[in-house]
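Welcome! Please take a look at the sequence and the model below, and then read on for a guided walk through some of the details.

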Amino acid sequence: MIDWLTADSALMPFFDGLIEGAGNTLLSSGAAFAIGLALGVVVLALRVAGGPLGRVAVIVYVSAMRGTPLLVQLLIAYYVLPSLLGISISPLAAGVLALALNTTAYVSEILRAALSTIPAGQTAAARALGMRPWQCWLHVLLPQMFHRALPPLTNEFTVLLKASSLLSLIAVSELATVARNATLQSDLPLQVFAATAAVYFLMLWCASTISRSVERRFARLLPNVH
């Protein structure tokens, strides 16, 4: 009945590239989010404890990243940075770099909002117990901050995963590239893009399910944090 799902169907170009495309989509999104998460913590620490100069530098960076299109940032990472630095960079590396620097700005703001909900007395209490600043961040602030920021961080990851389709513009063989090429070969845009949407939905559903599981684990580890 749905012969285009069989091995002899015209959708075979899509299914042939599906594993590689979905893998590159998850790889680029996951790597960019992991880098953005780490840099987001650094940017937040710089904003909170970096003095006036650090605070101004972070505000300028976050404003620049949030105030310019991701597509422009992607094109700069792929076409401009290599010539400026005199290096060669692959399309996938340029894509991950652009996505990571972009999501760093949003992650730092999400974490800053979560940090603002933690009573200041907890920091004072930790310092009164003899904790050093880094111990206070590691044992008191960061666990609570990530617990409270988990839902918006999950939302940021879903936005990032969907935005990774822009990498098709610099010839990264991710899911949208596979769909576009399959459409050109099969002339079945409805079926191809419907299947592509289903794959994106499945990946995002899995991400949301994992997020809820992590949130429940956090709730068990930190029962008094809401």
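## A walk through the model

R47 is found in helix α1, where helices are DSSP runs of H or I with at least four residues, strands are runs of E with at least two, and both are numbered from the N terminus. This is a predicted model, in which local features need pLDDT of at least 70, side-chain atom pairs count only at pLDDT 80 or more, and totals for chains, interfaces and linings use all residues. Residues are numbered from 1 along each chain as its sequence is written, and side-chain values use heavy atoms, with hydrogens and water left out.

Is R47 buried or exposed? R47 has a relative accessible area of 18%, so it is buried (buried means under 20% relative accessible area, exposed over 50%, partly exposed in between, with a 1.4 Å probe and protein chains only). Setting aside residues up to four places away in sequence, R47 touches R55, V58, I59, E109 and R112, where contact means heavy atoms within 4.5 Å. One of these partners, V58, is eleven residues from R47 along the chain, and their C-alpha atoms are separated by 6.0 Å.

### Other residues in helices

Helix α4 covers residues 91-116 and contains S108. The relative accessible area of S108 is 3%, so this serine is buried. Which residues does S108 contact, leaving aside its neighbours within four places in sequence? They are G40, V43, L44 and V62.

T196 has its place in helix α8. With 5% relative accessibility, T196 counts as buried. Not counting residues up to four places away in sequence, T196 touches F14, L175 and A179.

V159 sits in helix α6. At 42% relative accessibility, V159 counts as partly exposed. V159 and S29 are 130 residues apart along the chain, yet 9.6 Å separates their C-alpha atoms.

### Aromatic pairs

How many aromatic pairs does the structure hold? There are three, counting rings of Phe, Tyr and Trp (its six-membered ring) whose centres lie within 6.5 Å; planes under 30 degrees apart count as stacked, over 60 as edge-to-face and the rest as tilted. The rings of F14 and F15 have centres 5.6 Å apart and planes at 70°, so this pair is edge-to-face. F14 counts as buried at 1% relative accessibility, while F15 is partly exposed with a relative accessible area of 29%. Y78 and Y79 also form an edge-to-face pair, with 4.8 Å from centre to centre and 70° between the planes. Y78 counts as partly exposed, at 23% relative accessibility.

### Two loop residues with positive phi

Most residues other than glycine have a negative phi. Here are two residues that have a positive value.

| Residue | Phi | Loop | Relative accessibility |
|---|---|---|---|
| A171 | about 70° | between α6 (133-163) and α7 (175-186) | 61%, exposed |
| D187 | about 60° | between α7 and α8 (189-221) | 64%, exposed |

### The largest pocket

Rolling a probe the size of a water molecule over the atoms shows where empty space is left. The largest pocket holds about 260 Å³ of space. On a 1 Å grid over the protein atoms alone, a pocket is an open set of points where a 1.4 Å probe fits, with protein on both sides within 12 Å along at least five of seven lines, and lining residues have an atom within 4 Å of a point. Grid points are joined across faces, edges and corners, and the volume is the space filled by probe spheres set on the points.

Which residues lie nearest the centre of the largest pocket? Of the 14 lining residues, these are F33, T154, F157, A207 and S211. The elements giving two or more residues to the lining are α1 (12-49), α6 and α8. The largest share, six residues, comes from α8. By class, the lining has twelve nonpolar, two polar and no charged residues (Ala, Val, Leu, Ile, Met, Phe, Trp, Tyr, Cys and Pro count as nonpolar, Asp, Glu, Lys and Arg as charged, and the others, Gly among them, as polar).

### What the UniProt record adds

An unreviewed UniProt entry lists residues 22-211 as "domain: ABC transmembrane type-1"; its positions are given in the numbering used here, feature names are shortened, and annotations may be inferred rather than shown by experiment. Over residues 22-211 the chain is 85% helix and 0% strand, with end C-alpha atoms 20 Å apart. The UniProt annotation "transmembrane region", from an unreviewed entry, covers stretches including 87-107 and 190-210. Residues 87-107 are 81% helix and 0% strand, and their end C-alpha atoms are 28 Å apart. For residues 190-210, the chain is 100% helix and 0% strand, with 30 Å between the end C-alpha atoms.
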